[in-house]
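Thanks for coming, everyone. I have one structure to walk through today. Let me put it on the screen.

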Amino acid sequence: MESKSFTTGNRDNPNTDLHGSKNMMASHFLRALFRIQQTSTSSSSFAGRSRRIRRAAYASMAYSAGARRAWSRALLRKLRSRARLRFPRRLSRTARPQRRDMDQAQVLRKLVPGGPSMDYCKLLEETADYIRCLTTQVRLMQTVMDSISSYAHHPMIP
Amino acid sequence: IGPPSPCPLPSLPSPTLGSPIKREQKRIREAAVAIKIMSGSGRRITDEEINELVSKLQSLLPESRRRNTGRASASKLLKETCSYIKSLHREVDGLSDRLSGLMATMDSNSPQADIIRSLLRS
């Protein structure tokens, strides 16, 4: 994915303040990454650092949406309770296939933060916003990845 | 995706496809009716609104996933949406791992740290 894809505008919904919240997401995430990097020692575990980065990703998503959305409010509550970010679960192996007659709306409720307390209509609205935010966060992380790793392969010689 | 059709619910596959789909149809119909009856805010949520929301969700799916769902099945679309969200969660996990690996090679004075600093400023 091209690194410039993060900074281009979102065609889907010109009405939301996407540019503002993208900047907020980026600055929050980068600051968190920087902090993690500063406080990370040679004895820090890879898994522990990875968990902190993952947590920072969801935190910057939630902060960028703020209190405007039910999913971000639910996510912020979860983060502030300092509980281990068990949601969403890390899928370490392939998930069991769903029963064919399981209600898909119920499955969706488990995936979207705050889902269980939403009615069907609200669930659809919140899901759309959650997906937009997730894809933005993924693109941000890819951009950071590309920047850092391309530097590693082409170091500047002073 | 065209404008919402005048029929009350998103059109679903033909009845010959078997009972699980009929059960899904029934469930979606019941959910829509339940929402209309029980919506606490007093706002009447119309079928058109639900159609539109489902349509909007479909537009958020990447091209390859959109091909799997025609205009036909709302339940299929929800299933594809769930699958898409799970794959996005996995991507976040994977990118976190990779970033963690990259950061292991950085120290606080390395030029890569400067990159993060400069990305912050821009």
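I'll go through confidence, the two chains, the core, and then the salt bridges.

First, a caution. This is a predicted model. Chain A averages a pLDDT of 79, and 70% of its residues score at least 70. Where is the confidence highest among the elements of chain A, and where is it lowest? The highest mean is 94, in helix α2, residues 46-65. The lowest is 84, in helix α1, residues 18-39. Now the weak stretches. Over residues 1-5 of chain A, pLDDT stays under 50. The model gives that stretch 6 contacts beyond four places in sequence. Residues 8-16 of chain A are also below 50. That second stretch has 7 contacts beyond near neighbours in sequence.

Next, the chains themselves. Chain A has 5 helices and 0 strands. From the N terminus, its elements read α-α-α-α-α. Chain B also comes out at 5 helices and 0 strands. Its order is α-α-α-α-α.

Some numbers on packing. Chain A has 158 residues, and 49% of them count as buried. Chain B has 122 residues, with 40% buried. Now take contacts with a separation of 6 or more. In chain A, 60% of those join residues 24 or more positions apart. In chain B, the share is 40%. On surface, chain A exposes about 9000 Å², with 51% belonging to carbon and sulfur atoms. For chain B, the accessible surface is about 6800 Å², and carbon and sulfur supply 54%.

There is one annotation to mention. An unreviewed UniProt entry lists residues 26-82 of chain A as "domain: IBH1-like N-terminal". In the model, that span is 79% helix and 0% strand. The C-alpha atoms at its ends lie 22 Å apart.

On to the core. How many residues does the largest nonpolar core hold? It holds 62. Phe29(A) and Leu99(B) have the most contacts inside it. Which elements supply at least two residues each? From chain A, they are α1, α2, α3 (70-80), α4 (104-111) and α5 (120-153). From chain B, they are α2 (47-60) and α4 (74-104). The biggest giver is α5(A), with 15 residues.

Look at Leu99(B) on the screen. Set aside its neighbours within four places in sequence. Leu99(B) then touches Phe29(A), Leu33(A) and Ile53(A). Leu99(B) is also in contact with Met141(A), Val144(A), Met145(A) and Ile148(A).

A word on α4(A). That helix is mostly covered, with 6 of its 8 residues buried. Among the buried ones are Ala105(A), Val107(A), Leu108(A) and Leu111(A). Gln104(A) and Arg109(A) are buried too.

Last topic, the charged pairs. Across all chains, the structure holds 7 salt bridges. I'll show three.

Start with Asp129(A) and Arg69(A). Their side chains meet in a salt bridge at 3.5 Å, N to O. This pair links distant parts of the chain, 60 residues apart. Asp129(A) sits in helix α5 of chain A, while Arg69(A) is in the loop between α2 and α3. Buried or partly exposed? Asp129(A) has 12% relative accessibility, so it counts as buried. Arg69(A) is at 24%, so it counts as partly exposed.

The second pair is Glu126(A) and Lys122(A), bridged at 3.9 Å, N to O. Both lie in helix α5 of chain A. They are 4 residues apart, about one turn of the helix. Why can such positions face together? An α-helix has 3.6 residues a turn, so residues three or four places apart point the same way. Glu126(A) is buried, with a relative accessible area of 1%. Lys122(A) is partly exposed at 33%.

The third is in chain B. Glu80(B) bridges to Arg65(B), with the closest N and O atoms 2.9 Å apart. Glu80(B) is in helix α4 of chain B, and Arg65(B) is in helix α3, residues 63-68. The two are 15 residues apart. Both are buried.

One more point on salt bridges. Those that share partners join Arg69(A), Lys122(A), Glu126(A), Asp129(A) and Arg132(A) into one network. The first two pairs I showed belong to it.

That's it from me. Happy to go back to any of these views.

Methods
Residues numbered from 1 in each chain as written. Chains lettered and ligands numbered in written order. Predicted model: local features only at pLDDT ≥ 70, side-chain atom pairs only at ≥ 80, totals over all residues. Heavy atoms only, no water. pLDDT = per-residue confidence, 0-100. Contact = heavy atoms within 4.5 Å. Buried < 20%, exposed > 50% of the residue type's maximum accessible area, 1.4 Å probe, protein only. Areas by Shrake-Rupley, 256 points an atom, 1.4 Å probe, with all protein chains shown as cover. Core = buried A, V, L, I, M, F, W, Y, C linked by side-chain atoms within 4.5 Å. Salt bridge = Lys/Arg side-chain N within 4 Å of Asp/Glu carboxyl O. UniProt positions renumbered as here; feature names shortened; annotations may be inferred.
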